[in-house]
Amino acid sequence: MNNIPFKAQNELNKLLAGNQNFVNGTPTASNMCLNTLKKYAFHQEPYAAVLSCSDSRVVPEIIFDCGIGELFVVRVAGITAGPNVVESLEYAVYKLKVPLMILLGHDDCGVMKYAKDNYPNFTGHFDSILKCVYPVLDKKEDITCHNFFAQQHTIWVEEYLMKTSKIISNAVKNCDLYIAKAHLDHSTGVVSII
Ligand SMILES: [Zn+2]
């Protein structure tokens, strides 16, 4: 984790500490009530954008011990970065000025399994999702483990965002944004930086 801008480092430390609270079974988030929502009725100021899987087990606010107004979350199956997903993340960077973006992959991801089972074919179902994941398999690395595949895909998503989005790549180059790649282990609840 070299060269992380100070602000992003602070926010990342806070979220990793929150994850430790979750793991320890001692969550502290108190800003989950109607009063918090009222406070942010007409504005928001999240300090991180999180791209995570739609998987019901991967709930960023819970695993990072956060409440209302803290995270700008984009959830999509397999953290697949199609146009709407990229633009949603760009909104967080450009309009909300988040200093940190977390790409959060996870264990036992159904998208990775489906892609491995069907590569290199398109099945007529979930094709736009497969299109986002197959480039990782195209690299011909030895990907036998779904969890390793998910991590390689997370790395690829960062490369794709940097290549595709001027808003995101410029923010990173200007040190206004740091992208952290992370992975959730289901058996421990631990989010690790990869
Ligand atoms: Zn998943």
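In strand β4, A180 is the bridge partner of I102. The model is predicted. I102 lies within strand β3, which spans residues 100-106. Its partner strand, β4, covers residues 178-184. Seven bridges join the two strands, and they run parallel.

These two strands belong to an open sheet of five strands. The strand order is β2-β1-β3-β4-β5. Pairing across the sheet is mixed. Strands of a sheet pair through backbone hydrogen bonds, in either a parallel or an antiparallel manner. The edges are occupied by β2 (71-75) and β5 (191-193). Each edge strand has a single partner, so one side of each is left without a neighbour in the sheet. From one strand to the next, the twist averages 25 degrees.

Helix α7 lies across β3 and β4. Its direction makes an angle of about 155 degrees with β3.

Helix α7 (residues 146-164) also meets helix α6 (residues 127-138). Two packed helices are described by the angle between their axes and the distance between those axes. Here the axes come within 10 Å and cross at roughly 105 degrees. Angles of 65 to 115 degrees count as roughly perpendicular, so α6 is roughly perpendicular to α7. On the α6 side, the contact is made by V133, P135 and V136. On the α7 side, F149, Q152, H153 and W156 contribute. By class, the contact comprises five nonpolar and two polar residues. No charged residues take part in this contact of α6 with α7.

Terms used. Residues are numbered from 1 along each chain as its sequence is written. This is a predicted model: local features need pLDDT of at least 70, side-chain atom pairs count only at pLDDT 80 or more; totals for chains, interfaces and linings use all residues. Axes are lines fitted to C-alpha atoms, for helices over the stretch in contact, and angles run from 0 to 180 degrees between N-to-C directions. Helices (H or I, at least four residues) and strands (E, at least two) are DSSP runs, numbered from the N terminus. Angles under 35 degrees count as roughly parallel, over 145 as roughly antiparallel, 65 to 115 as roughly perpendicular and the rest as oblique. Two residues are in contact if their C-beta atoms, placed from the backbone, lie within 7 Å. Ala, Val, Leu, Ile, Met, Phe, Trp, Tyr, Cys and Pro count as nonpolar, Asp, Glu, Lys and Arg as charged, and the others, Gly among them, as polar. Two strands pair if DSSP finds at least two bridges between them.
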